[in-house]
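Thanks for coming. I have one structure to go through, and I will keep to packing, rings and backbone.

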Amino acid sequence: MSAMNAHASFEFLRSQPIASLGVEVAEYQHRGTGAKHFHMQSDYDENVFLVALRTMPQDSTGVAHILEHTALCGSERFPVRDPFFMMTRRSLNTFMNAFTSSDWTAYPFASQNVKDFYNLLDVYLDAVFFPRLDPLDFAQEGHRIEFAQSGNSASELVYKGVVFNEMKGAMSSTSSVLWQTLTKYLFPTTTYHHNSGGEPMEIPDLSYEQLVEFHRTHYHPSNAIFMTFGNQPVEELQARFDAQALNRFERSDIELSVPDEQRYFSPVRVEEAYALDEDELDGRTHHVMGWLLPRSIDLEAELKAQLLSRVLLDNSSSPLRAALESTDLGAAPSPLCGIEDSNREMSFMCGIEGSDPQQAADFETLVMDTLQQVVEQGVDQHMVAAQLHQLELQQREITGDHYPFGMSLILASLSNAIHRGDAIASLNIDSVLEQMRQEIEDPQYIPNLVRDWLIDNPHRVRLTLRPDPELSERKDAAEAARLAEIKTGLSESDSEKLIKLADALEARQGQQDDPGLLPKVTLDDVSAQMHLPAGEELSASPSLHWFDAGTNGLVYQQIIFDLPHLSQREQSLLPLYTQCLSELGSAGRTYKEHQALESAISGGISAYTSARGSVDNANQLQTLMVLSGKALAPNQAAMSELMFDMLDSPRFDEHSRIRELVAHALSRKEQSVSGQGHMLAMLAASSGLAAGASLSTQSRGLASIEKTRALKSSISSDEGVAALSAELLALHAKVMAMPRRALLVGEAEHKAQYRQSLTAVLERLTPSSATTGFTGEIVESEPAQVWVANTQVSFCAKVFPTVPVGHADAAPLTVLGELLRNGYLHRAIREKGGAYGGGASQDSGDALFRFFSYRDPRSVETLEDFDRSISWVNEGGADATQLEEAILGVVSSIDKPGSPAGEAKATYLNSLFGRTPEQRAAFRQAILGVSLDDLQRVAQTYLADPAKARVAVVTHAKAAEAMPTEFARFKV
């Protein structure tokens with residue numbers, strides 16, 4: 001790559017190939033504004049764009065977060081009210097989003113279609129640099145005051161706003177409160193002291209004028225970083241950047257940066273409270289310790305910190321994690337365990353949950369004594385080498401199943417670019433890893449880091465976060481008092497202004513924008529074919545399949561068993577059973593020895609279950625247990641042997657470890673509500689309608705939380721845990737008697753070697769003797785449920801029975817879900833209702849059509865909006881343009897690429913469930929042929945009878961009291 005590639009408006013600075021990632025990274029600078037551009041040249045067809053701005057708020061009003069939302073509500077070239085969400089349905093994007101981090105805001109997207117990529121680029125550039133920032137959009141997305149009864153100035157005042165409700169939901173999460181409280185003390189003077197997302201009590205302090213000024217100072221090209229990945233010519237990209245945005249600016253003198261934090265001279269110990277609306281407070285306290293470390297832009301220091309964190313905390317053989325898991329001071333390690341390396345200065349954290357306030361000093365002693373023991377006795381050198389091996393594997397793996405591969409690389413280097421470090425070096429870590437490989441031969445390498453960065457580091461915070469059953473009530477009272485005070489000061493004219501604002505916003509939300517103002521792709525731009533990897537059967541007995549994939553020297557393999565017939569008790573034990581397979585010892589090894597070996601030879605081995613209805617009958621389940629691992633090619637034989645040991649001789653006799661795993665599982669389930677409440681609500685509503693949903697409800701639904709509490713209580717005695725151990729061993733014996741098959745994914749040059757070692761393992765496993773698998777059963781449930789949880793917002797769901805994927809109506813129902821989400825529900829639930837999100841979708845695996853809302857200030861009104869959306873379709877509310885947009889959205893999700901290994905694994909697993917490449921291609925073709933008449937027909941056929949629907953709402957106690965009497969009440 002040379003300077004010849006640069007557009008005339010940009011100066012080429014440097015480039016560097018990174019062989020382990022298959023990219024060449026070049027750095028450029030815009031001549032006029034100083035904007036940086038990093039381009040990752042690759043052969044990938046999936047092109048990625050991101051523009052990031054340094055955003056460093058000095059309060060917790062959420063200004064950066066609200067600006068991120070408001071900037072996407074119309075711009076100079078695209079003066080429509082909602083270009084972002086309109087483009088999600090006029091595009092073949094494989095990723096579209098916007099992020100607000102603690103010190104940056106980013107606007108990324110990805111697409112495999114070149115026309116679509118440049119369409120999105122035009123919209124994004126205009127949104128970021130030339131947004132309209134309409135005051136009504138600020139009121140909708142940020143915050144506003146309205147009368148509780150529309151137009152009635154005698155009624156109470158209420159706060160509304162998408163971000164306001166989003167953050168009420170976010171700050172219902174104990175882990176979020178824990179993180180924000182810890183960083184408040186760990187960073188007493190810099191931007192990290194504040195909640196960049198916004199504290200609900202402070203969000204109403206933000207003015208519209210402050211928002212506009214924040215955009216003026218922070219959204220300037222001189223403060224921007226452009227990052228791109230893919231096969232598009234860099235000159236063309238830069239020509240667009242310059243013509244669409246940059247040439248209208250001059251270089252700014254404002255240089256935004258985060259200063260180094262003022263360091264403490266002695267440790268800080270604090271106690272604060274979090275809201276817990278329950279009577280039982282024992283064992284609900286969190287203790288966390290945090291240290292401030294060196295700068296994150298020091299690549300050597302960053303990798304040292306990652307290695308230190310992995311050695312201390314990665315698994316149960318790690319000394320600090322072992323202490324946190326086994327202590328009687330708490331129930332489980334804190335979710336805040338590990339390294340935070342995206343801020344200007346890194347931080348290291350560890351903690352426990354399920355404790356009590358008076359245990360704070362003993363917790364600190366436990367941590368410091370464990371660290372001192374590491375300094376004095378050192379750590380196993382094999383463990384240090386194993387964790388360095390994990391860093392190498394992490395560097396080599398080609399990802400793409402969660403984020404596009406290019407997006408993952410961009411996000412990995414973004415923090416360095418934001419803090420003016422070396423963004424290219426942050427991706428090319430091979431030389432530093434090689435240097436570290438030599439340095440860790442010194443037995444004092446880790447002890448020295450522990451002493452220098454942790455034990456002798458006075459910038460340390462110990463936080464105790466205790467439950468307060470009255471905190472929610474006091475916050476609600478404070479909010480009500482503030483609104484009452486505002487209302488007292490309102491003149492008649494002021495009241496009229498509020499009513500006019502509400503009316504103006506409602507009118508704006510109801511207006512129909514001209515979609516022709518935005519660029520789009522059409523069905524003519526859709527690829528005619530699906531692109532799925534092709535595999536081959538290597539042997540029928542044992543059953544072994546192979547997929548050739550570019551995996552950069554890694555191998556992925558799975559051993560897959562049919563599940564046997566399961567009682568309801570066994571169904572509820574499935575998550576614990578698979579966790580035990582992954583985290584207990586094997587072949588005489590303790591769980592700590594097992595995890596040390598696993599870390600040394602693999603990138604992880606995990607077990608999980610998967611179930612799906614058949615193509616033609618959703619209540620005829622195919623249920624599987626999958627043991628899945630990955631490793632570097634030279635370690636494949638060793639990984640195969642370890643997988644054999646996990647299946648042949650798991651240590652269900654490790655009773656203390658089983659108790660720990662149950663406690664950890666309960667903690668994860670209890671914390672899942674604030675982030676996954678909509679999924680849990682949909683599962684609760686679905687459970688009496690489909691066998692798959694019933695199985696999921698037993699194992700991971702809301703009812704499973706109380707079951708896990710009871711399970712934890714039942715194994716407190718030796719007899720109880722011995723009985724559970726026997727149940728798990730019996731369940732394992734049933735699984736091992738079932739038919740099995742295996743999958744290998746890797747590069748062709750290693751195929752014979754991989755096949756030989758895995759075949760040897762498969763032939764040594766206990767032969768299958770059973771043929772009848774678990775095909776599922778429907779467990780009856782209440783048709784209307786309300787679940788009271790520790791949250792400030794609601795999650796609503798309504799579910800109708802429909803058809804499986806093999807039915808001709810599955811395709812129009814799938815398109816209908818996309819159309820309802822974008823054509824009606826987005827406006828009704830998010831814009832007007834104030835929820836963070838809402839939508840509808842057809843689940844052809846369970847043969848169900850599901851409506852949902854997420855972090856919603858309403859409940860009954862949202863359920864009514866679900867019904868109104870059905871009427872809207874039946875009354876001809878949708879048009880041909882909306883139909884095409886819905887089809888594009890579905891096809892885009894079908895065609896979304898994954899990693900090479902991820903696509904191979906998904907193709908094989910889908911085939912086991914009857915979703916063969918031929919079936920999937922036929923379904924995709926059916927999607928392309930859906931008509932408006934089809935949508936009305938399926939809506940009338942399956943969604944018109946409310947008596948067939950099931951409903952569930954997850955909410956707080958006050959909202960639950962207001963639900964209709966037909967709702968059965970439960971407590972999470």
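What follows is a walk through some helix contacts, aromatic pairs and backbone details.

Keep in mind throughout that this is a predicted model.

I'll start with a pair of helices. Helix H9 covers residues 299–313 and helix H12 covers residues 381–396. Their axes are 9 Å apart, and the packing angle is about 125°. An angle of that kind falls outside the parallel, antiparallel and perpendicular classes, so H9 and H12 are described as oblique to each other. The crossing of H9 past H12 is right-handed.

Which residues make the contact between H9 and H12? On the H9 side they are Leu303, Gln306, Leu307, Arg310 and Val311. On the H12 side they are Met383, Val384, Gln387, Leu388, Gln390, Leu391 and Gln394. By type, the residues of this contact are seven nonpolar, four polar and one charged.

Let me stay with one residue from that list, Val384, in helix H12. Is Val384 buried or exposed? Its relative accessible area is 2%, and the cut-off for buried is under 20%, so Val384 is buried. Setting aside neighbours within four places in sequence, Val384 is in contact with Leu307, Val311, Val379, Ile440 and Ile446. Two of these names, Leu307 and Val311, appeared a moment ago on the H9 side. There is also a distance to give for Val384 and Tyr445: they are 61 residues apart in sequence, and C-alpha to C-alpha they are 9.4 Å apart in space.

The second helix pair is towards the end of my list. Helix H29, residues 880–895, and helix H31, residues 917–928, have axes that come within 9 Å and cross at roughly 160°. That angle makes H29 roughly antiparallel to H31. H29 passes H31 in a left-handed crossing. From H29, the contact uses Ile887, Val890, Val891, Ile894 and Asp895. From H31, it uses Phe923, Arg924, Ile927 and Leu928. The breakdown here is seven nonpolar, no polar and two charged.

Also in helix H29 is Glu885. This glutamate counts as buried, at 7% relative accessibility. What does Glu885 touch, once residues up to four places away in sequence are not counted? It touches Arg89 and Arg90.

Next, helix H7, residues 208–218. Its buried residues are Leu211, Phe214, His215, Thr217 and His218. They pack against strand E4 (47–54), helix H1 (63–71), H3 and helix H4 (135–141).

Now the aromatic rings. The count of aromatic pairs comes to 34. I'll show two.

One is Phe129 with Phe249: the ring centres are 6.0 Å apart and the planes are at 65°, so the pair is edge-to-face. These residues are 120 apart in the chain. Phe129 sits in helix H3 (residues 114–129), and Phe249 sits in the loop between helix H8 (234–244) and strand E11 (268–275). Phe129 is buried, with a relative accessible area of 4%.

The other is Phe800 with Phe851. Here the centres are 6.4 Å apart and the planes at 70°, so this pair is edge-to-face as well. Phe800 belongs to strand E24 (residues 795–801) and Phe851 to strand E26 (residues 848–854), so the pair ties together parts 51 residues apart in sequence. Phe800 is buried at a relative accessible area of 1%, and Phe851 is buried at 0%.

Last, a few backbone points to check on screen. Where is there a cis peptide bond? It joins Ser541 and Pro542, with omega about 0°. Pro542 is in the loop between strand E17 (535–540) and strand E18 (543–548).

Two arginines have positive phi. Arg420 has phi near 60°, a positive value in a residue other than glycine. It is in the loop between helix H13 (405–418) and helix H14 (430–439), and at 36% relative accessibility Arg420 counts as partly exposed. For Arg855, phi is near 50°, again positive in a residue other than glycine. Arg855 lies in the loop between E26 and helix H28 (860–874). Its relative accessible area is 10%, so Arg855 is buried.

That's what I have; I'll take questions.

How values were computed. Residues are numbered from 1 along each chain as its sequence is written. This is a predicted model: local features need pLDDT of at least 70, side-chain atom pairs count only at pLDDT 80 or more; totals for chains, interfaces and linings use all residues. Side-chain values use heavy atoms; hydrogens and water are left out. Axes are lines fitted to C-alpha atoms, for helices over the stretch in contact, and angles run from 0 to 180 degrees between N-to-C directions. Helices (H or I, at least four residues) and strands (E, at least two) are DSSP runs, numbered from the N terminus. Angles under 35 degrees count as roughly parallel, over 145 as roughly antiparallel, 65 to 115 as roughly perpendicular and the rest as oblique. A crossing is left-handed if the near helix is turned anticlockwise from the far one by less than a right angle, and right-handed if clockwise. Contact means heavy atoms within 4.5 Å. Ala, Val, Leu, Ile, Met, Phe, Trp, Tyr, Cys and Pro count as nonpolar, Asp, Glu, Lys and Arg as charged, and the others, Gly among them, as polar. Rings of Phe, Tyr and Trp (its six-membered ring) pair if their centres lie within 6.5 Å; planes under 30 degrees apart count as stacked, over 60 as edge-to-face and the rest as tilted. Buried means under 20% relative accessible area, exposed over 50%, partly exposed in between (1.4 Å probe, protein chains only).
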